[in-house]
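Let's take a walk through a protein chain together. Keep the picture in front of you and turn it as you read.

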Amino acid sequence: MNSRKQILLFFCMILLIGFANTRPTTISAASTVNEIVKVGTNDLNIRKGPGLSYPIVAKAKKGEQYLSFSEKDDWIEIELRNGVRGWVANWLVTKGTQGNSSTNTVNYEKKLGELKTVSISTDGLRIRKGPGTSFQVIGTANKGDVFAVHGTDGDWINLETPFGIGWVAAEFVQSVSEKTNGISGSLNGEISANSLNVRSSPSLNSSVIGKLRLGDKVEILSQTSEWTEISFGGTKAWISSEYIQLKKSSISNSANEKKPNEQTNSGKIGKVTTASLIVRDSNTLNGKALGSVHKDQSFQIIEENNNWAKIEYKKGAFGWVASWYLDKSVTSQTSSTKQSLKNSSLKIIHDGTNIRKSPNTNSEIVLIAKQGDIFDIISIQNDWYEIQLANGTSGYIAGWIVSVNGQAPIDEKPGTGSQLKNKKIVIDPGHGGRDNGTTGARGTLEKTLTLQTAKSLYEKLRAAGANVYLTRQNDTYIPLSSRVYTSHYNNADAFISIHYDSMLDQSVNGMTSYYYHSYQKNLAASIHSSITSTTNLKDRGYRFGDYYVLRENKHNAVLLELGYLSNPAEEFIISSAPFQESVTTGIYQGLAKYFKDN
């Protein structure tokens, strides 16, 4: 009996040991590392962990393929295109071997140095988190921006951008690192500043990790209108795009030299409006880089073709530049005619009118006149009147912003009111009510200043015969949708949203204009150019901006950031009465010019 009990006890112990060592079955990563997972349904949820209770980290579309790494219960761990891993339900995918994967499978072995570089061929191109329009937008790129390519997925290209690794549609990019006319070369740049900070990220608030000197050569990895990513000491770093000239290595200019007598003259002058503009040997972004020109330089336009302009960028050397970076309103003094006048005078229409040293909007301001001031006219030069000043000297004033008495011809240019009569214009003072907007370094509220600017502009436009509507007339909160509705309801010819900017770095200053749709770009360009002519604000350019009042607006619309309240000195200037007169005059004239030209 005792021996039977001992035998039974022995078997029970064996069974208990077996149960204690039992574990849930898990397939190791090694068993699945070479397998491809193909998505079998649309909008498949990819989760942070192996279960429905885990948060969704991404979505996949039917037919997409991913590398698998491990399995747990009914879930498979996969690697996404950004290197992050996630989990999918195994009943919604099929598995195969890596050798049977389609050409759309991402090649994770590619290195940045082996990949080509592309240039964006359109403004406002959306950069997305994944290869498809359903993925979140992480930023935008503009025409001419240059990025390194990581890989492709169907009709989408994976890029290294200032916003992180992102995807753009392949139809909107052009290669700039492939062979051009049998000559190959990498994208390089030359520093054009005496001492340039090299930063750890594309921000003025990031740390300075080194400096570059005038003439230093660097390899460019990616570039936007504001920041350029470079290779610096074996690592990636960032510098301001304003102080680098793009160069294509191993390119000879000898084949691109043109004889001056082979050129024709269009009679136009173009002024460069961007920090550095590449001159190419043909009117395309694939043209070889011959050199560069810089902001505020003016050139005779020899020929125009498909939004490109041919110029003599240095004596005896000709090339093409993108004409959308040229201000063609600049007057050529050498080709202008000067007509003497007697017994004529003019009266100033607006307070804060600039009188300049020479007859163009870029000339030095010698006097700021008040409404009602009267000056004798000495001569007329193109669209400008030369006038006699009280100190015995002379100055120039634009003919379209004055009223004339006597024999002098009247310039029916923008600003006389004829272009604005009966136009329907909606003015949108930003923020209001519970939404203060930004608060200036000295305490100025953005919502108060935008309303002040809007009311001043309202009076000028009403006096010119325009039908003007304000989205708000007092300190009231108005939803963005209601502001856009005002534009649609009144079938606006122009919608002007007024704002003031802010930045943690209190040294930043200047004004910027924004548009969203291509049909809004000309309005932004016209108003921006006029404001920078009537004020002394730093010109930060006009550009694409993803703002609700622009994006959802079916009409011509522009959003203006009229200076930085975060900069104490600029806050003092832009909140002053003279500035408010000057800036609203600039908007007024820009609108009139737009309606005249379009």
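We'll begin with the whole chain and then look at some of its parts.

First, the ground rules: this is a predicted model, where local features need pLDDT of at least 70 and side-chain atom pairs count only at pLDDT 80 or more, while totals for chains, interfaces and linings use all residues. Residues are numbered from 1 along each chain as its sequence is written, and side-chain values use heavy atoms, with hydrogens and water left out.

What is the chain built from? There are 42 strands and eight helices. Both come from DSSP runs (H or I over at least four residues for a helix, E over at least two for a strand) and are numbered from the N terminus. Of the 598 residues, 48% are buried. Here "buried" means under 20% relative accessible area, "exposed" means over 50%, and "partly exposed" is in between, using a 1.4 Å probe and protein chains only. The accessible surface of the chain is about 29,300 Å², and carbon and sulfur atoms hold 48% of that; such areas come from the Shrake-Rupley method with a 1.4 Å probe, and for residues only the protein chains shown count as cover.

Now for who touches whom. A contact means heavy atoms within 4.5 Å. Take the contacts between residues at least 6 apart in sequence: 63% of them join residues at least 24 apart.

F375 gives you an example to look at. This residue lies in strand β33, residues 374-381, and counts as buried because its relative accessibility is 11%. Leaving out residues up to four places away in sequence, F375 touches several others, including L346, I355, L367 and L389. I348 is also one of its contacts; the two sit 27 residues apart along the chain, with their C-alpha atoms separated by 8.5 Å.

You can do the same with V173, in strand β14 (residues 173-175). At 14% relative accessible area, V173 is buried. Among the residues it touches, not counting those up to four places away in sequence, are V118, I120, I157 and V168. The C-alpha atoms of V173 and V146 are 9.3 Å apart, though their positions lie 27 residues apart along the chain.

Next, find the sheet with the strand order β38-β37-β39-β42-β40-β41. Six strands form this open sheet, and the pairing is mixed. Two strands pair if DSSP finds at least two bridges between them. Which strands stand at the edges? They are β38 and β41, each with a single partner strand, so one side of each has no neighbour in the sheet. Neighbouring strands here are turned by 20 degrees against each other on average, ignoring direction.

Look at β37 and β39: they run parallel and are joined by five bridges. One pair to spot is V426 with F495, its bridge partner in β39. Two helices meet these strands. α8 packs on the sheet, touching β37, β39 and β42, and its direction makes about 150 degrees with that of β39. α4 lies across β37 and β39, running at about 170 degrees to β37. For these angles, axes are lines fitted to C-alpha atoms, for helices over the stretch in contact, and values run from 0 to 180 degrees between N-to-C directions.

The largest nonpolar core has 36 residues, and I427, L461, I496 and L591 have the most contacts inside it. Such a core is a set of buried Ala, Val, Leu, Ile, Met, Phe, Trp, Tyr and Cys residues joined through side-chain atoms within 4.5 Å. Among the elements that each supply at least two residues are β37, α3, β39 and α5, but α8 gives the most, with eight. L461 touches I427, V468, Y588 and L591, among others, not counting residues up to four places away in sequence.

Is α5 enclosed or open? Eleven of its 14 residues are buried, so α5 is largely enclosed by the rest of the structure. Its buried residues include L523, I527 and I531, and their cover includes β39, β40 and α8.

Last, two backbone oddities. Most residues other than glycine have a negative phi. H431, however, has a positive phi near 65 degrees, and N491 has one of about 50 degrees. H431 sits in the loop between β37 and α3 and is buried at 18%. N491 sits in the loop between α4 and β39 and is partly exposed at 42%.
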